[in-house]
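The following explanation is written for a reader who meets this structure for the first time. Please keep the sequence and the model in view while reading.

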Amino acid sequence: MTESSETCDNAIPISSVIQAYRCPRRFYFSRHDKIVSTGRYTICKQISLNIVHPPDEDALWDEICLIEPTINPDMREYLSHCLVSTAHTPLPTWTDSDIAVNSKRYGIYGQIDKYDAQSGSISVIRNSGSPSKGCWSDDRIRLAAYLLCLRESRGIDLSGGYVEYIPDGIVRYYEPQPRDRRGLIQALVLARKVLSGNLPAKPVHAPCTRCTYQKQCNPEKPTLLSHILFKKR
Ligand code: SF4
């Protein structure tokens with residue numbers, strides 16, 4: 001999801017807050033990395049925004065290539081997969097897309113994928129699979145952040161929103177709970193720490209198994225000179 005910075009100075013994109021929520025150390029190591037699009041989000045978004053349902057695959061692929069000219073042609077397979085998954089899924093309707101929202105109070109900003117003025121609902125489009133029930137914790141926090149920003153910057157007060165897990169063809173409605181708003185505030189504090197140059201401690205539930213920053217995160221302890229000099233023989 002892209003986000004515009006139409007907001008106060010030093011505001012943080014919601015996507016960065018979510019990264020800090022997943023693992024603040026990984027956010028620290030990756031904060032200057034160039035973001036390379038896999039094309040998955042563009043594909044899921046075009047499926048979700050398409051007025052004709054199910055859309056014509058060839059026409060949709062042309063549209064996707066126009067939007068993201070550098071997309072890998074192999075991603076066509078992913079498009080086919082997503083179209084099969086969503087063929088019988090009623091996707092939430094929309095009247096506006098990419099709504100820029102922000103909260104000056106909390107210093108965050110983002111862009112909501114879909115808003116439907118008639119039903120008064122928002123949607124977040126995800127290019128990931130869904131959990132067996134409910135929504136992933138980072139999606140719950142993302143929704144909490146968007147709803148807070150929508151209320152403050154647009155005066156639209158909603159209690160929940162949809163998360164569209166396009167690759168699985170699943171749409172879930174969720175109303176953020178106090179624990180989600182608490183998680184949002186904690187993630188915001190961590191994101192600010194990282195952006196001020198601090199490396200946070202390793203979280204207990206960090207998703208380390210597939211992390212590409214394991215070496216930087218767990219540097220080998222330097223061999224102490226005394227260990228070499230006074231090693232027992
Ligand atoms: S190895 Fe684990 S703690 Fe370290 S950055 Fe990666 S996910 Fe975070």
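The paragraphs below go from the overall frame to the ligand, then to the aromatic rings, and last to several single residues.

The model is a predicted one. Its secondary structure comes to nine helices and six strands. Taken along the principal axes, the C-alpha atoms of the protein fill a box of roughly 75 × 45 × 35 Å. The protein has 233 residues, and buried residues make up 45% of them.

The ligand is a convenient place to begin. Where does the ligand sit? Its place is in the largest cavity. Two elements give two or more residues to the shell around the ligand, namely α2 (24-30) and α8 (214-217). The residues around the ligand are, in sequence order, C23, R25, R26, K202, A206, P207, C208, C211, Q214 and C217. How does this shell divide by class? Six of its residues are nonpolar, one is polar and three are charged. The charged residues are R25, R26 and K202, because Lys and Arg count as charged. The polar one is Q214, because Gln belongs to neither the nonpolar nor the charged group. Cys, Ala and Pro count as nonpolar, so C23, A206, P207, C208, C211 and C217 make up the nonpolar part of the shell.

From the ligand the reader may turn to the aromatic rings. The structure holds three aromatic pairs. In one of them, the rings of Y28 and F29 have their centres 5.6 Å apart and their planes at 85 degrees, so this pair is edge-to-face. The cut-off behind that name is an angle of over 60 degrees between the planes. Y28 has a relative accessible area of 19% and is therefore buried, since buried means under 20%. F29 is buried as well, with a relative accessible area of 16%.

F29 also takes part in an aromatic pair with Y213. Is that pair stacked or edge-to-face? The pair of F29 and Y213 is stacked, with 6.0 Å from centre to centre and 20 degrees between the planes. F29 lies in helix α2, whereas Y213 lies in the loop between α7 (178-195) and α8, so the pair ties together parts that are 184 residues apart in sequence. Both F29 and Y213 are buried. Together, Y28, F29 and Y213 form one aromatic cluster.

Arginine side chains lie over two of the tyrosine rings. R31 is placed over the face of Y28, at 4.1 Å from the ring centre. R31 itself lies in the loop between α2 and α3 (40-49). Its relative accessible area is 29%, so R31 counts as partly exposed, whereas Y28 is buried. R31 and S137 are 106 residues apart in sequence, and their C-alpha atoms are 22 Å apart in space. The other case involves R40, which lies over the face of Y78 at 5.1 Å from the ring centre.

The backbone at D98 also deserves attention. Most residues other than glycine have a negative phi. D98, although it is not a glycine, has a positive phi of about 50 degrees. D98 has its place in strand β2 (residues 96-103). With a relative accessible area of 34%, D98 is partly exposed.

Three further residues relate separation along the chain to distance in space. S80 is found in helix α5 (residues 75-86), and at 25% relative accessibility it counts as partly exposed. S80 and R151 are 71 residues apart in sequence and 37 Å apart in space, C-alpha to C-alpha. E152 belongs to helix α6 (residues 137-154) and is partly exposed, with a relative accessible area of 38%. The C-alpha atoms of E152 and Y41 are separated by 27 Å, and these residues stand 111 residues apart along the chain. Q177 lies in the loop between β6 (170-174) and α7, where it is partly exposed with a relative accessible area of 36%. What distance separates the C-alpha atoms of Q177 and R140? The separation is 8.5 Å, for residues that are 37 apart along the chain.

Terms used
Residues are numbered from 1 along each chain as its sequence is written. This is a predicted model: local features need pLDDT of at least 70, side-chain atom pairs count only at pLDDT 80 or more; totals for chains, interfaces and linings use all residues. Side-chain values use heavy atoms; hydrogens and water are left out. A residue is near a molecule or strand if one of its heavy atoms lies within 4 Å of it. On a 1 Å grid over the protein atoms alone, a cavity is a set of points where a 1.4 Å probe fits but cannot get out, and a pocket is an open set with protein on both sides within 12 Å along at least five of seven lines; lining residues have an atom within 4 Å of a point. A molecule sits in a cavity or pocket if more than half of its atoms lie within 2 Å of its grid points. Helices (H or I, at least four residues) and strands (E, at least two) are DSSP runs, numbered from the N terminus. Rings of Phe, Tyr and Trp (its six-membered ring) pair if their centres lie within 6.5 Å; planes under 30 degrees apart count as stacked, over 60 as edge-to-face and the rest as tilted. Buried means under 20% relative accessible area, exposed over 50%, partly exposed in between (1.4 Å probe, protein chains only). A charge sits over a ring if NZ of Lys or CZ of Arg is within 6 Å of the ring centre and within 35 degrees of the ring normal.
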